[in-house]
Amino acid sequence: MPQPHPCPAFSLRQFGRWGVLYGALGALSVAQASGMALGDAPEDAYLGDLPVVLSASRLAQPTREAPGAITVIDRDMIRASGARSVAELLRWVPGFQVGEANAFRPLTAYHGLADDNPRRMLVRVDGRSLYSPYFLSGVEWHKLTVDIDDIERIEVFRGSNATAFGSQAFMGVVNIITRPAADTPGLRMRITQGENGIRDRQVSIAQQFGPLNVRLGMGRESDDGTKGLEDNWQKHRADLRMDWQPAATHRVEIHAGGVRFDNRAGTAGELSDPPRDQRSSSSFGQIRWHWLPDAQEELTLSYLHQSERLKDDYGILITSAEFPLLPSGTTINVGVDFGYTVDRDELELEHTFSPRDDVRIVWGLGQRQDRIDAPQYFYPGKAITYTSRRLFGNLEWRATERWLINLGAMSEEDDYNSAQLSPRLGINFLLAPEHTLRAAIGRAYRQPFPFEQEGDARFYGNGVILLRQAYQPPSETLAPERLRFRELGYLAELERWRTSLDIRVFEERVDRLTHFQSTPSPLYPPMDDGEAKQPIGNRKADIRGAELSLMWRPAATSWLGLNYSRIEVSSNEKDIQSKPFYKNSAPRTAASILAGWAPWPDWHFSIAHHYVGAMAWYRDEDDSLPAYQRTDLRVARRLDIGTTRAELAVTISNIGAHHAEYVPWIKTGPAAYATLRLEI
Amino acid sequence: MRAALRLFLFRLAASLALVAMAGPGWAAPHLIIVNSSSDGAYGEASAALRSQLQRTMPWVEIEEQGWEEMAAQRLEGSRMIVTIGTQAARVVAGLSPRQPVLHTLLPSSAYSRLPNMPKSGATVSAILLDQPAERQIALIRLALPDWKRIALLTGSDSEALNLRLGELARERQLEVREANVNTDRDLYPALQRVLAEPAVLIASPDAQVFNSFTVQNVLLTAYRHRSPVVGFSSAYVRAGALLGLYSTPEQIGQQAAETVQKVLSGEALPPPRPPRQFEVAVNANVARSLGIQLDSAERLGNELARREGRP
C-alpha cells in the first residue's frame, strides 16, 4: 500500500501556522494605526496619545503607604543572591522559615505553624496563585515556570493579607512580578554548572512586533539531589509572555507556561514508599486585559486555566515477614496510585479608581474552580469539583498630608462554608518627613481545602482487603481557621543616608487551626493499629514577636542589611494533651546579614549569612532541629564584549559544616557552581 | 535715513491698504490659515489663533483652508499665511508664496526639511513645538534639585538638541550619561547603560528613539532603575513620565496670533522660535511610587516662567 509522503504535508502545515501568525501580526498593526490615533506627521510625537505604561498595577505601592510591612527583593538582589530558586530568597525576609523536604521541594512558611505542606501563605506569580489543591495546598515551588532572571521584583507582604488576596494569604503573601516583555534583552543565555550534578541551561528571546512584545524562555535544570535521599531531579520548563497594546487605553497580557518534572522519589528500605521515578507536569494559560482610561483608573479582567498531572503508581508486595497477621507463605499485592489530575479555571475582575483626589478605591470579585481527580486521596476515587468565590474592596483615604487610612475587606465563600468576612484597618501616620508610624488591626479566615474536608486515603490488598486507612474525613465540616491580628510598625526611609529601617511588633491569635490527629478508624483496618489521621479544627496558637529590617543601600548594587526576628508561639496543645508542635514551629530568634558590593568596576561580591534558632517542622522530639548558621557567597565578574553583556559568577551556597534545615537526619553542606550569563 | 524713509513709506502704504481692505466688498482676506486638519490639536490651534486675532484686530479677515485643495492662486491677494502642522507647511512651502509665511505646530526637525526654504528668513518663519534646552534643564534643576545626573539617548534627529542639553547640564554641574540609538536593537542596551545608576532621563522628540512602541521599554526600564523621565507631551506624563514640559496647541495658536498682529502692523517676520508659553505636568502617582517629593505642576510652571522673566 502506498504510504503518503509525510514531508509536504508537514511543511504545508508549518507554513499554514506561520501564515496565521503573520496574518495576526498584520492585523495588529492595522489595529494599532487606527486605534491609537498616531499617524506619520512629525508633530504626532508631541500631540499624539500614548498608552498608560506605569498604571496602578505596575507601580509598586510605596512601603510607607502600605497597610503592613513589605519587603522588596529587587532584580539586582535576586541576581546577586546566586539563588537557583525563588524559595531560597525568602531567607532574606525576616520572619520566614525555609527548609528543604528534599532537593526539589523547598518548604517556606511565615511565622511557623507549618509542616511538610505549609499552606497558610500565598505565593502569586503575576496574579496567579501557586499552590496545589489536590492534597494539602502546599506551595509547589518546583512547578514555577518563570526563570529567576525574568523576575522584576518579589514583594513580600509580611502579615496576613486575606483582605486583599483571600484565604490563601492567611499569614502572608509573596508576590512575584515578572519583567514585562518590553524590558527584556533580545537574547539571553545562562549556563550553570556545578557540584552535585548541578546543570542548568536557560535561554530567553524577546522580540517586538509593533504593538506586540513577546518573550519566550525555556530551560532545563537538574541536580543529583540530597546525599542519602532518592531525590535527583530534572526540570524542563517553557514560559511565554506577550504584552500587546491594541490601543492607548487597552493593554493585554498573555502568559503561558509549562513544566515537566522528572524526579526520583521514595525511601530506600521503606516498603510502602519504595524508590521510584515520578513524572509530573503543569501547564497554564492566562490572559489579563487592562483597560486604562486614565492614569488614575484601571480595570483588569483576567482568566486563567491551569492543568497539573502526576504519574506515580506502583505496587507493593507484602509478605508475612512484614505483616505478621498474614498466614506464612502468603503475599498481598497493594496497588498504590498517588497520581492526580487537577484542572483550574479562575476568573477575576479588579477595578481601581479615584473618585476624589484623596481617595483611591480598589474592588473586585473572583471565582476559582478546581476539578481534582486524585483517587488515592479521595476514596472511593470520585473526582471533586471545588469552587470558591470572593468579593473584596479597599479604600485608601489620604485624610491629610500626614494621615493615610486603609480600610478593606474580603468576603469569601466556598463549597463547604458560607461567606466569611476578613476586614482590616490600617493607619499610617507620617511622623516627620521620612518617618512613618503604622498600625493595623484585622481578622482573616482560611477556608480548609477539599483534602481537609473530605480526604479519605485507603490502601487495599489484592484490590479488596482494606489494610490501612491513612487519612479519614473530619467528623463534621471544618469551619475556617481564624486569625486576629494587630501590629505596630515604624518605618524610616532616610534618603540622604540611603538607609531604611522597618520595625514591626505583632500579635497574631489563630484559632480553629486544622490539625491532623491520629484517631481510631471506624473501618478497623489491620495496619497502623487501626488508626487514621483525621483533621480536627481545635488548635489555637498565639504568635507574638517583633521583626526588624535595616538596609543601607548606597547604590543599586551595594547594600548592607540586617534582619532580625523574634517569634514566640504559645498554644493550647498542652490543654488537649497534644505534643507541643506549634510552639517550636518557628525559631524564637533568627537573624540575617546581607551584603553586596562592587569593590572594583565589573566585580561584584554578595554574601548572605543567616542564623536560625532551634525549631521543628514536625511534632516528634526526634524532628527538632538545633539552631544553625548558613552562609551563601557569590562573586561575579562582568565581561562585556561590544554590546554583548556577559557575566561569569561563582556561587558557593551553604558554606560551612553540614547541618540540618528540615529534619535532623538530612544534613546538607556546601555546593559550588559557576554561572555564565550572556545578554545580547 | 533712506531706511527710515522706506519704513515710513511702507507703514503708510500698509495703513492705507488696511483702511482700504477694511471697506466693504473686499474679497481677498488678510490672513490665510492653511491647516493640516480641522480636528484635534490642529483645530484647537486654529481656534486660539482666530479668537485672539478677533479680539485684538477685529477688522482682519481670516480664511481657513485645508491643505488638500491648496494651489498657488488660492493664496493670492492675502497678506500673510499661517500653516498649522507639518503637512500644511510642506504644501505651502512647495508653492513658494511671496507673502510672509509663519509655520506653526511642527517640530524643528520637520521645519528644517521643508522644501524651497529661502536662504534668508525674511519671508518664512515658524513657531516650533520643541522646548528650548535651557528651559528643560531649568525645570530639572527646579523640580529635582537633589538629582545630579541626567541621561540622554541620542538618535539622528536629536543630535543637536542633546548636544545642547549636555553642554547646559555640564555647565550646571550635572553629570551626563549618553548613549546612541541607531536601531531598535540598540535601545535596550543603551537604556541599561545610561541608567546603570539612577538618572533623570530626558526624552527627546526623536521618533527613532522615543515613539509609541518604545515608550513601554523606556518607561518600564527607567522605572525599574528608579529613574524619573522628563517627557515632552502631556501624554508622556499620563503614560508614566514623572515630569512633562510642553506647549499646548492653544498656546501656540496664541503666539501665532501675536506674530500675525505684528507682521500685519508692518513689523518684519521674527526668526523661528520655540513656544514662549508652556505647561509643566507632574505624575503624582509615579512621584509617590518613586518616593520623590515634587512641587505642584502649577507652582513649577509659574516659577519657571518667572525665571524666564515672565509673570
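**Notes on the predicted two-chain model**

1. B:Arg135 is buried, at a relative accessible area of just 5%. Bear in mind as you read on that this is a predicted model. B:Arg135 makes a salt bridge to B:Glu308, with 2.7 Å between the closest N and O atoms. B:Arg135 sits in helix H6 (residues 133-143) of chain B and B:Glu308 in the segment after helix H13 (297-307) of chain B, so the pair ties together parts that are 173 residues apart in sequence. The glutamate end is less hidden: B:Glu308 is partly exposed, with a relative accessible area of 35%.

2. There's also a salt-bridge network worth pulling up on screen. Salt bridges with shared partners link a group of chain A residues into one network, including A:Arg79, A:Asp147, A:Asp149, A:Asp150, A:Arg188, A:Arg190 and A:Arg215. Further along the sequence, A:Arg634, A:Arg645, A:Glu647, A:Arg677 and A:Glu679 belong to that network too. Over all chains, the structure holds 87 salt bridges.

3. Another pair to look at is A:Asp502 with A:Arg158, whose side chains meet in a salt bridge at 3.9 Å, N to O. A:Asp502 belongs to strand S26 (residues 499-520) of chain A and A:Arg158 to strand S6 (residues 151-158) of chain A, so this pair ties together parts that are 344 residues apart in sequence. Are these two charged residues buried or exposed? A:Asp502 is buried, at 7% relative accessible area, and A:Arg158 is buried as well, at 0%.

4. A:Asp273 and A:Arg276 form a salt bridge too, their closest N and O atoms being 2.7 Å apart. Here A:Asp273 counts as partly exposed at 24% relative accessibility, whereas A:Arg276 is buried at 11%.

5. Now for the strands. Strand S10 (residues 212-223) of chain A is mostly covered, with 9 of its 12 residues buried. On one side, S10 of chain A pairs antiparallel with strand S9 (residues 199-209) of chain A through 9 bridges, and A:Arg201 has A:Arg220 as its bridge partner. S9 and S10 of chain A make a hairpin with 2 residues between the strands, where A:Gly210 takes a positive phi near 60 degrees. S10 of chain A also pairs with strand S11 (residues 233-247) of chain A, again antiparallel, over 12 bridges. A:Val214 and A:Met242 are bridge partners there.

6. Which residues have the most contacts inside the largest nonpolar core? They are B:Met80, B:Ile150, B:Leu153, B:Leu201, B:Leu219 and B:Tyr236, in a core of 86 residues. Domain 1 (2-128 + 250-264) and domain 2 (133-246 + 278-307) of chain B each contribute at least three residues to this core. Take B:Leu201: neighbours within four places in sequence aside, its contacts include B:Leu153, B:Leu191, B:Leu195, B:Val218, B:Pro228 and B:Val230. A second, separate core has 32 residues, among them A:Trp92, A:Met121, A:Ile154 and A:Leu594.

7. Last, the interface. Chain A puts 45 residues into the contact and chain B 38 residues. Together the two chains bury about 3,800 Å², with 57% of that on carbon and sulfur atoms. A:Tyr46, A:Leu50 and A:Leu54 supply 20% of the area chain A buries against chain B, more than any other three residues. The count of salt bridges between chain A and chain B is 3. A:Glu65 and B:Arg288 form a salt bridge, with the closest N and O atoms 3.4 Å apart.

Methods: Residues numbered from 1 in each chain as written. Chains lettered and ligands numbered in written order. Predicted model: local features only at pLDDT ≥ 70, side-chain atom pairs only at ≥ 80, totals over all residues. Heavy atoms only, no water. Buried < 20%, exposed > 50% of the residue type's maximum accessible area, 1.4 Å probe, protein only. Helix = DSSP H or I, 4+ residues; strand = E, 2+ residues; numbered from the N terminus. Pairing = 2+ DSSP bridges. Core = buried A, V, L, I, M, F, W, Y, C linked by side-chain atoms within 4.5 Å. Domains from an automatic or database assignment. Contact = heavy atoms within 4.5 Å. Buried area = accessible area lost by both parts, 1.4 Å probe. Salt bridge = Lys/Arg side-chain N within 4 Å of Asp/Glu carboxyl O.
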